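This report goes through selected features of one chain. The sequence and the structure come first, followed by notes on single residues, sheets, helices and the ligand shell.

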Amino acid sequence: MPNDTTMSTILIVDDDEEIRYSLGRVLGSRGYQIETAGSGEEGIEKIKAGLKPDLIMCDVRMGGISGIETLQHMRSASSSLQIVLMTAFGTAQTAIEAMKFGAYDYIMKPFDVDKVIEIAEKAISSSKDMKSANKYEKKVNYDDYKEGIVGNSPAMQEVFKVIGQVAASDATVLVTGESGTGKELIAKCINQHSLRSGGPFVAVNCAAIPDNLIESELFGHEKGSFTGATTQRIGRFEQCDRGTIFLDEIGDMALATQTKILRVLQEGEIQRVGSTETIKVDVRVIAATNKDLEKMVKEKEFREDLYYRLNVFRIRVPALRERKEDIPDIVDFMLQNLVKERKARVTRVSPDALNALVSYAWPGNVRELGNVVYRSAVVAQGDAILMKDLPDTIRGISEEGPVAAAAPAVEPAAVRAELAPAESSPEGSDSPEPLAEKGAEPIASAPAPAVPAAEPMPISLPAIYDKLYHELRERQEMRILTLIERQMIQRAITETGGNQARAAEILGITRNTLKKRLDEYSAE
Ligand SMILES: Nc1ncnc2c1ncn2[C@@H]1O[C@H](COP(=O)(O)OP(=O)(O)OP(=O)(O)O)[C@@H](O)[C@H]1O
């Protein structure tokens with residue numbers, strides 16, 4: 001007998017009286033209160049009349065409106081309702097539709113009694129989690145954060161004060177902090193509040209550009225100045241005349257280029273590569289680094305004079321683990337953003353999931369948090385992220401055993417926003433047949449190719465892979481899927497140091513399939 005089923009009600013919607021009876025008996029014997037309806041319309045009427053089931057088990061094919069239509073109606077009536085669809089005719093289309101419109105699960109008739117009970121128990125427990133997440137109110141007013149920087153912690157308030165002090169001046173600012181803490185956001189914010197806000201803001205990641213190209217990138221070049229310079233090129237400094245240039249990862253800049261940056265700061269002029277002509281530029285420089293520049297100066301890896309020039313004002317952005325109290329607000333802000341920008345249906349986080357997010361150490365800082373929130377919103381089935389939707393590392397489960405939390409969790413304050421339309425929300429789905437085109441078994445893990453602006457993510461992302469699989473198959477673009485699959489396989493091989501058994505395990509395919517694919521690639 002499951003725990004605490006006394007208050008749990010299951011509504012069975014099926015036009016087959018026998019199914020209503022037998023399912024009702026099985027679930028009733030587990031202590032659930034059973035309600036039945038002989039059609040989708042009758043089910044909807046019962047909900048309208050005030051019935052509040054914890055779970056609806058609904059047939060897909062019925063006389064009158066279909067199970068999918070019933071699901072859509074009921075979803076819009078209550079976001080925490082869990083709905084399991086049942087069918088004797090399992091097609092890929094129906095399964096995809098069911099999950100897309102937010103079914104908790106999809107089961108085939110004839111039923112395996114144990115399976116039905118297991119699904120019902122899980123769905124009801126998930127419904128309870130969602131209800132408990134319901135009482136939380138929206139934490140942040142999205143429109144108050146036009147700059148996209150959220151943070152009420154004393155540490156971030158200090159950062160905001162310095163931004164306010166330096167913004168209006170033309171002073172050079174050095175922003176320091178670990179990767180993903182929001183240094184670029186802060187640079188943008190300084191620009192927005194400066195007298196140059198109408199001018200261009202150009203960000204250059206110095207670490208991403210090879211040493212031999214960085215000067216041409218920053219200062220431009222003349223035609224023929226080096227092999228490959230077939231046309232004249234205007235550099236970033238010239239492009240952002242009267243604006244602000246953000247030199248990210250300045251600690252990775254070669255000493256020769258550092259000298260030229262110093263000249264811009266001192267003289268306000270540049271020379272294109274291959275030219276002796278000096279060009280005046282009016283550019284404010286904001287630089288950022290996650291390196292210890294003082295140490296680099298001591299070790300003669302960074303020019304001391306440039307360091308002093310850049311360090312006129314310094315903003316140190318605290319790591320996320322130093323301002324855990326900001327996490328609920330940032331999560332709320334990110335979810336509101338997902339609802340707004342991507343029509344996500346997830347608007348909340350259950351208290352225990354939020355607690356786990358707050359407890360985690362976030363080595364990748366806010367960027368990592370953003371990736372986790374997005375990933376979890378994709379796999380979440382209702383309108384709330386639950387504990388089960390979080391990656392294992394955040395839940396404290398890793399291959400090495402539980403992950404130590406960096407600091408005690410703050411009181412879980414959670415997040416709530418207005419209900420968003422569900423149509424184009426990110427879907428989680430149990431793909432019935434990924435890789436079916438090739439007659440192989442599904443790959444259950446993937447990087448995050450469906451997330452345009454996201455950063456590199458762990459490779460175990462079944463829901464995103466599945467979503468992509470169905471979308472691409474619908475558009476008959478299996479070639480793209482093949483390319484993605486290839487990337488996944490290569491990444492798994494690299495990450496496991498060439499261990500095929502482990503790579504196959506991560507990818508969720510057999511070793512034979514992996515071998516077959518690798519043979520195909522090497523035959524090309
Ligand atoms: N306080 C914040 N509130 C909301 N979102 C934030 C905050 N700080 C950072 N982000 C988000 O986190 C991501 C990383 O931020 P950003 O690129 O500014 O970090 P960074 O420190 O410049 O990273 P890197 O050192 O790798 O260049 C971005 O998507 C940004 O919008």
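## Ala-123 and its surroundings

Ala-123 is found in helix H5, which spans residues 113-134. In this predicted model, Ala-123 has 25 other C-beta atoms within 10 Å. Ala-123 is therefore buried, since the cut-off for that class is 20 or more such atoms.

Apart from neighbours within four places in sequence, Ala-123 is in contact with Leu-55, Gln-82, Val-84, Tyr-104 and Asp-105. For one of these, Gln-82, the C-alpha to C-alpha distance to Ala-123 is 6.1 Å, although 41 residues separate the two in sequence. Leu-55 belongs to strand S3 (residues 55-59), Gln-82 and Val-84 to strand S4 (82-87), and Asp-105 to strand S5 (105-108). The contacts of Ala-123 thus lead to the sheet described next.

## The sheet S2-S1-S3-S4-S5

Five strands form this open sheet, in the order S2-S1-S3-S4-S5 and with parallel pairing. Its edges are strand S2 (33-37) and strand S5 (105-108), each of which pairs on one side only. From one strand to the next the twist averages 20°.

Within the sheet, four bridges join strand S1 (residues 9-13) to strand S3 (residues 55-59) in the parallel sense. Opposite Ile-10 stands Leu-55 in S3; Leu-55 is also one of the contacts of Ala-123. Helix H3 (residues 67-77) lies across S1, S3 and S4, and runs at about 155° to S3.

## Helix H4 and the residue after it

Helix H4 covers residues 92-100, and its buried residues include Ala-95, Ile-96, Glu-97, Ala-98 and Met-99. The charged residue Glu-97 is thus among the buried positions of H4. Just after H4, Gly-102 takes a positive phi of about 95°.

## The sheet S7-S10-S13-S6-S14

A further open sheet of five strands has the order S7-S10-S13-S6-S14, again with parallel pairing. Strand S7 (201-205) and strand S14 (313-316) are the edge strands, each pairing on one side only. The twist averages 20° from one strand to the next.

S7 and strand S10 (residues 243-248) pair in the parallel sense over five bridges, and Phe-201 stands opposite Thr-244 in S10. S6 is joined by four bridges to S13, the two running parallel, and by four bridges to S14, also in the parallel sense. Which residues are the bridge partners of Leu-174 in S13 and in S14? The partner in S13 is Ala-287, and the partner in S14 is Arg-314.

Helix H7 lies across strand S6 (173-176), S7, S10, strand S13 (283-289) and S14. H7 runs at about 160° to S13.

## Gln-271 in strand S11

Gln-271 is found in strand S11, residues 269-271. Is Gln-271 buried or partly exposed? Gln-271 counts as partly exposed because 18 C-beta neighbours lie inside 10 Å, whereas a buried residue would need 20 or more.

With neighbours within four places in sequence left aside, Gln-271 is in contact with Phe-219, Thr-276, Glu-277 and Thr-278. Phe-219 is 52 residues from Gln-271 in sequence, while their C-alpha atoms are 6.4 Å apart.

## The ligand shell

There are 19 residues around the ligand, of which Ser-179, Gly-182, Lys-183, Glu-184 and Val-366 come nearest. By class, the shell has six nonpolar, nine polar and four charged residues.

Helix H7 (183-192), helix H13 (327-342) and helix H15 (365-379) each supply at least two residues of the shell. H7 is also the helix that lies across the sheet containing S6 and S13. Domain 2 (156-317) and domain 3 (321-395) each contribute at least three residues to the shell.

## The chain as a whole

The chain holds 20 helices and 16 strands. Of its 524 residues, 42% count as buried. Among contacts with a separation of 6 or more, 72% are between residues 24 or more positions apart. The pairs Ala-123 with Gln-82 and Gln-271 with Phe-219 are examples of contacts between residues 41 and 52 places apart.

Key:
Residues numbered from 1 in each chain as written. Predicted model: local features only at pLDDT ≥ 70, side-chain atom pairs only at ≥ 80, totals over all residues. Near = placed C-beta within 6 Å. Domains from an automatic or database assignment. Buried ≥ 20, exposed ≤ 12 C-beta atoms within 10 Å, placed from the backbone. Contact = placed C-beta atoms within 7 Å. Pairing = 2+ DSSP bridges. Axes fitted to C-alpha atoms, helices over the stretch in contact; angles between N-to-C directions.
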